[in-house]
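Trainee: Before I use terms such as contact, shell and pocket for a model, I would like to hear how each one is justified.

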Amino acid sequence: EPAIRIRDLAKRYAGVGGEEGKLALKGVSFDVPQGQIFGLLGPNGAGKSTLINILAGLVMKTSGSAEIWGFDIDAHPRNAKRSIGIVPQEIVFDPFFTPFEVLENQAGFYGVPRGERRSADLLEAVRLADKRDAYARTLSGGMKRRLLVAKAMVHSPPILVLDEPTAGVDVELRRQLWELVTRLNREGVTVVLTTHYLEEAEQLCDRIAIINHGELITDKPTRELVGMM
Ligand code: ADP
Ligand code: ADP
């Protein structure tokens, strides 16, 4: 059974002033196999964030289905929340919170019992142990991005979803983030990420789905896809 199963998924945003809203997804179907790094590749406006936000429970689909291990996301939101960690595109931290506090708060939000929290380990894993008690506003962009990944992992979700994790970051940070994602995947986490960089999808992903104008163009193992281009 795939980790995620998407079938005929469509999303029309609400229109303004009697106008028809934007059809951001036009009936998309694909599976994310367990244990893989799955890339959603496409240009700006393709519908990638809409898809991710439906998985995150932040956007309601219009029709079709989105399932995590056989459970419909809308019908079983608690199951979805437990199964998925989301790394959003926007960096949003309280500027006066420390990385340790950010992780402890998130663990509280997920109901992780105190004895089972692993904030220190997570900071270690994203190489922020020495910034444990620094204010978030003093962290570099790269440190904040790594903290976002740690934040998404506090409840040890089996699936990690990243929305454009390396958009606008420099080469060095991109390498760091790739290394982090690869390491988590090797530890057993199924990864879904969006990107508009072909090179990133090729380097990082086991399987690539290309999406454009809300439609799935292709969905293949990276090896096959690269052979075609
Ligand atoms: P991507 O992440 O690939 O750049 P998005 O999913 O953000 O694409 O956007 C797909 C389309 O849906 C775009 O045309 C965008 O303008 C539109 N869209 C995204 N979010 C909203 C929204 N909240 N309301 C209306 N239209 C939206
Ligand atoms: P807010 O109070 O701002 O609406 P929420 O209570 O919805 O925020 O979420 C609290 C935190 O949990 C936020 O950092 C948000 O990004 C994160 N979050 C919300 N839903 C999910 C989800 N399904 N998976 C992972 N993180 C989530």
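The exchange below takes the two ligands and then the pockets of this predicted model.

Trainee: What makes the approach of Lys 151 to ligand 2 a polar contact?

Mentor: A polar side-chain atom of Lys 151 lies 2.8 Å from an oxygen atom of ligand 2, and since the cut-off for a pair of N or O atoms is 3.5 Å, the pair qualifies. The same cut-off admits two pairs made by nitrogen of ligand 2: one is 2.8 Å from an N or O atom in the side chain of Tyr 110, and the other is 3.2 Å from a polar backbone atom of Ala 56.

Trainee: How much of ligand 2 does the protein bury?

Mentor: Taken alone, ligand 2 exposes 550 Å², and the protein buries 49% of that. The elements that give two or more residues to its shell are β6 (84–87) and α3 (99–109).

Trainee: Why is the shell around ligand 2 described as having five nonpolar residues?

Mentor: The shell consists of Ala 56, Ile 84, Ile 86, Gln 106, Phe 109, Tyr 110 and Lys 151. Ala, Ile, Phe and Tyr count as nonpolar, whereas Lys counts as charged and Gln falls among the polar residues, so the division is five nonpolar, one polar and one charged.

Trainee: How do you know that Thr 50 makes a polar contact with ligand 1?

Mentor: A polar side-chain atom of Thr 50 lies 2.6 Å from an oxygen atom of ligand 1, which is within the 3.5 Å limit and therefore counts. Backbone atoms take part as well, with Gly 45 at 2.7 Å from an oxygen atom of ligand 1 and Ser 49 also at 2.7 Å from an oxygen atom of that ligand. The protein covers 61% of the 560 Å² of accessible area that ligand 1 has on its own, and the largest share of its shell, three residues, comes from helix α1 (residues 48–55).

Trainee: What makes Tyr 110 a lining residue of the second largest pocket?

Mentor: A lining residue must have an atom within 4 Å of a pocket point, and Tyr 110 is listed in that lining, together with residues including Arg 78, Glu 116 and His 155. About 230 Å³ of space lies in this pocket, whose lining has four nonpolar, three polar and five charged residues.

Trainee: Where else does Tyr 110 appear?

Mentor: The largest pocket, with a volume of about 530 Å³, is lined by 26 residues, and Tyr 110 is among those nearest its centre, as are Ala 56 and Ile 86.

Key: Residues numbered from 1 in each chain as written. Chains lettered and ligands numbered in written order. Predicted model: local features only at pLDDT ≥ 70, side-chain atom pairs only at ≥ 80, totals over all residues. Heavy atoms only, no water. Near = heavy atom within 4 Å. Polar contact = N/O pair within 3.5 Å; in protein donor to acceptor, adjacent residues only side chain to side chain. Areas by Shrake-Rupley, 256 points an atom, 1.4 Å probe, with all protein chains shown as cover. Helix = DSSP H or I, 4+ residues; strand = E, 2+ residues; numbered from the N terminus. 1 Å grid on protein atoms, 1.4 Å probe; cavity = no way out; pocket = protein on both sides within 12 Å on 5 of 7 lines; lining within 4 Å. Points joined across faces, edges and corners; volume = space filled by probe spheres on them.
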